[in-house]
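Reader: I want to learn how to read a structure like this one. Can you take me through the features in order?

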Amino acid sequence: MDDDDTRSADASTGRAPSPGGVAVSQVVLKTAVIAGGGALAVWEPAFTLGAYNVIFYYQMLTLWAVSTAVMLTALLMRERGPRHGWAYWTCLALPTVWLVIAAVVPRSHSWTGQALFLAGGVFSVVGTPLLAWVLLQLLLFGESELSARQRRTVIFVLVAIGGLAYMLGKLNHVFLTCGDFDISGNSVPSGCRPGHASPIG
């Protein structure tokens, strides 16, 4: 079978041709791209939560900016926007709700302050990959929905990456030094290993 026949067969089976002639399922590619995009979004807040026990403010504001942009775009172009229910709009509005609550609730060590911190962490670690999922779904694949198996796979991968990134943050002294954080412009976390920046710093 020549290359034209191979491409025709791949198109008819819904598979993408690979350089070696082995067909790669479009389903696998779609799931991998969404999982990879979500992992890029989730690792940093999970790592900083492990290393510093906080979520950096710019991570929350990035989440707010992206979610608000998606929400406003969908509202302004409603006739062409995705057809989602109230849960979709609620997820997009959550970062704005958190900002409003943060402006109203006094900063303290009371239960309200602790609850606000916990909510911010949940929004960052959970909401950021969720938004990345939505954006990649819309930009690359239109409104086609993931199957139940694809959703389970993506969720498992993101939870695994988030958990591993959190543990790497906790164990930063094993593979990073205080100099690595210092040269990157970040504050030095407590318990970091003294030393100059390594080649990866």
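Author: We go from the overall fold to the core, the surface, the disulfide and a few single residues.

Reader: What kind of model is this?

Author: This is a predicted model. Every value below is computed from it.

Reader: Start with the fold. How many helices and strands are in the chain?

Author: Count the elements, then read their order. The chain has 8 helices and 2 strands. Along the sequence the pattern is α-β-β-α-α-α-α-α-α-α.

Reader: What share of the residues counts as buried?

Author: Burial is judged by relative accessible area, and under 20% counts as buried. Of the 201 residues in the chain, 33% are buried. The chain exposes about 12600 Å². Carbon and sulfur atoms supply 68% of that area.

Reader: What share of the contacts comes from residues 24 or more positions apart?

Author: Take the contacts in the chain with a separation of 6 or more. Residues 24 or more positions apart account for 59% of them.

Reader: Now the interior. Which residues make up the largest nonpolar core?

Author: Look for buried nonpolar side chains that join up. Here the largest such core has 10 residues: Ile55, Met60, Leu63, Val70, Met71, Leu92, Trp98, Leu116, Phe123 and Leu131. Helices H3 (57–76), H4 (86–104) and H5 (111–141) each give two or more residues to this core. H3 gives the most, with 4 residues.

Reader: Which residues does Leu92 contact, leaving aside its neighbours within four places in sequence?

Author: Leu92 is in contact with Ser67, Val70, Met71 and Leu131, once neighbours within four places are set aside. Val70, Met71 and Leu131 are also on the list of core residues.

Reader: Take Phe123 as another example. Is it buried or exposed?

Author: Find its element, then check its accessibility. Phe123 lies in helix H5. Its relative accessible area is 18%, so Phe123 is buried. Now compare sequence with space. Phe123 and Ile55 are 68 residues apart in sequence. Their C-alpha atoms are 9.9 Å apart.

Reader: Which residues belong to another core, apart from the largest one?

Author: Another core of 7 residues lies apart from the largest nonpolar core, and among its members are Ile34, Ala35, Leu146 and Val154. Val154 also turns up in the contacts of Thr31. Thr31 is in helix H2. At 9% relative accessibility, Thr31 counts as buried. Leaving aside neighbours within four places in sequence, Thr31 is in contact with Gln150, Thr153 and Val154.

Reader: On to the surface. Which residues form the nonpolar patch?

Author: Here you look for accessible nonpolar side chains that group together. Tyr166, Met167, Leu168, Leu171, Val174 and Phe175 form a nonpolar patch on the surface. Together they have about 520 Å² of accessible area. Helix H6 (148–170) and helix H7 (172–175) each supply at least two of the patch residues. H6 has the largest share, 3 residues.

Reader: How accessible are Met167 and Val174?

Author: Read each percentage in turn. Met167, in helix H6, has 42% relative accessibility and counts as partly exposed. Val174, in helix H7, has 55% and counts as exposed. Val174 also has a partner to check in space. The C-alpha atoms of Val174 and Arg193 are separated by 7.6 Å, with their positions 19 residues apart along the chain counted as the spacing.

Reader: Which cysteines does the disulfide join?

Author: Look for paired cysteine sulfur atoms. The whole structure has 1 disulfide. It joins Cys178 to Cys192, with an S to S distance of 1.9 Å. Cys178 is in helix H8 (residues 178–183) and Cys192 is in the segment after H8, 14 residues apart.

Reader: Why is this disulfide right-handed?

Author: Handedness follows from the torsion about the S-S bond. For Cys178 and Cys192 that torsion is about 100°, so the disulfide is right-handed. Both ends are under the 20% cut-off for burial: Cys178 has a relative accessible area of 16%, and Cys192 has 12%.

Reader: Last, the backbone. Which residue has a positive phi although it is not a glycine?

Author: Scan the phi values for the sign. Asn53 has a positive phi of about 65°. Asn53 lies in the loop between helix H2 (26–52) and H3. At 44% relative accessibility, Asn53 counts as partly exposed.

Technical notes
Residues numbered from 1 in each chain as written. Predicted model: local features only at pLDDT ≥ 70, side-chain atom pairs only at ≥ 80, totals over all residues. Heavy atoms only, no water. Disulfide = S-S within 2.5 Å. Buried < 20%, exposed > 50% of the residue type's maximum accessible area, 1.4 Å probe, protein only. Contact = heavy atoms within 4.5 Å. Areas by Shrake-Rupley, 256 points an atom, 1.4 Å probe, with all protein chains shown as cover. Core = buried A, V, L, I, M, F, W, Y, C linked by side-chain atoms within 4.5 Å. Patch = residues over 30% accessible without salt bridge, like charges linked within 9 Å, V, L, I, M, F, W, Y side chains within 5 Å. Salt bridge = Lys/Arg side-chain N within 4 Å of Asp/Glu carboxyl O.
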